[in-house]
Amino acid sequence: MEETVNRGNSELITREYFDSLQVELRTIDAVKASTGVELFGASFSTPVMVTALSGLDKTCPNGMVETARGAAAAGALMWSGIGSEEELEALIGTGAKVVKIIKPYADRDLIFKKIAHAKKAGVLALGMDTDFVFGGKHHKGFAMEYPVSPKTLDDIKSFVKAAGLPFILKGILSEQDAEKALEAGAGGIVVSHHQGIIESAVPPVKILPRIAGVINKRIPIFVDCGIARGMDAFKALALGAQAVGTGKALMKGLAAEGAAGVQKVLETITEELRCAMNLTSSPDPGHIDPAVIWK
Ligand SMILES: Cc1cc2nc3c(=O)[nH]c(=O)nc-3n(C[C@H](O)[C@H](O)[C@H](O)COP(=O)(O)O)c2cc1C
């Protein structure tokens, strides 16, 4: 029988693209790399972050808080997606620096309420997964019980204004949307296909150099989807990301050991990244020559 199950599987396409990129060596005069980064005025030990996650109680009791503890212990930035106000306060209570990603609810008042709460709770930055709209195979057009709807440039400008903190757009996967993010005054973007929200999605790392050209260092660029090892992080950083998010790769660690497991996975990916940086004369995450990547 013809195999159609994996046709157009965006996560597989992304994995294959990562693995199709090859890396040269630059070891003469090389120095040991530092993985430290500054993001939104805060210092982190690693550019590998916990990407916007939610609902982790199924993986581990108190899973979101355990994940935040693991991120804090690894010196990594924690992003959180949909979740209650109490949960967000508990995440920040772990000492982790947190970015809150709010759903594009159809109800604008609900968005402004979530923005006000996140600010008061003490997030480092906040934003919205603007791709989580319409519904289809991936979701039903609802975030929990609330309908979601596409946002206009003017909507986003009003969220940016209300936030008064960097407001990041997650799910940017075209040069057009990157331009609109700049025009809206976004404080950063996440290049992402949201674990295959569309079939046959262009791999984030493939479109990244073009989006980086549009952004031209004016706001930070983050990347997620399929980042599971240090070499994936290295390739994304080399091609224009300031930091990367990892999600599903953390699950095994979280399920097995809670916070300590998350910390271990983040530290392992970071050490693999450092190893790739050491061997390519890349002194820090902001100085990786894209020419070390062979396509
Ligand atoms: C359990 C789980 C919950 C998620 N919840 C959210 C969310 O609430 N908001 C959001 O923007 N993305 C959410 N995502 C998507 C991730 O932020 C990310 O874009 C996606 O998982 C791809 O990264 P990965 O391949 O490293 O997992 C979730 C992903 C997972 C696995």
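**Exercise 1.** How many of the residues of strand β6 (residues 98-102) are buried in this predicted model?

*Solution.* Take as buried a residue with 20 or more other C-beta atoms within 10 Å of its own. By this criterion, five of the five residues of β6 are buried, and the strand is mostly covered. Next, consider the directions of the side chains. In a regular strand, side chains alternate between the two faces of the sheet. In β6, Val98, Lys100 and Ile102 point one way, while Val99 and Ile101 point the other way.

**Exercise 2.** Determine how β6 pairs with strands β5 and β7, and the handedness of the connections.

*Solution.* Begin with strand β5 (residues 78-80), which pairs with β6 in the parallel sense over three bridges. Methionine 78 stands opposite valine 98 of β6. From β5 the chain passes through helix α3 (residues 85-93) to β6, a right-handed β-α-β crossover.

Turn then to strand β7 (residues 125-129), whose pairing with β6 is also parallel, over four bridges. Here alanine 125 is the bridge partner of valine 99. Together with helix α4 (residues 108-121), β6 and β7 form a right-handed β-α-β unit.

**Exercise 3.** Describe the shell around the ligand.

*Solution.* First, count the members: 21 residues surround the ligand, and Ser54, Gly81, Asp129, Gly247 and Lys248 are the closest. Second, sort them by class: seven are nonpolar, 10 polar and four charged. Third, identify the main contributor: strand β4 (residues 48-53) gives the most, with three residues.

**Exercise 4.** Why does the radius of gyration of the chain agree with a compact globule?

*Solution.* For 295 residues, a compact globule would have a radius near 19 Å; the chain has 18 Å, which agrees.

How values were computed. Residues are numbered from 1 along each chain as its sequence is written. This is a predicted model: local features need pLDDT of at least 70, side-chain atom pairs count only at pLDDT 80 or more; totals for chains, interfaces and linings use all residues. The radius of gyration is taken over C-alpha atoms; the globule rule is 2.2 Å times the number of residues to the power 0.38. A residue is near a molecule or strand if its C-beta atom, placed from the backbone, lies within 6 Å of it. Helices (H or I, at least four residues) and strands (E, at least two) are DSSP runs, numbered from the N terminus. Ala, Val, Leu, Ile, Met, Phe, Trp, Tyr, Cys and Pro count as nonpolar, Asp, Glu, Lys and Arg as charged, and the others, Gly among them, as polar. A residue is buried if 20 or more other C-beta atoms lie within 10 Å of its own, exposed if 12 or fewer, and partly exposed in between; C-beta atoms are placed from the backbone. Two strands pair if DSSP finds at least two bridges between them. A crossover is right-handed if, with the strands pointing away from the viewer, the path from the first strand over the helix to the second runs clockwise.
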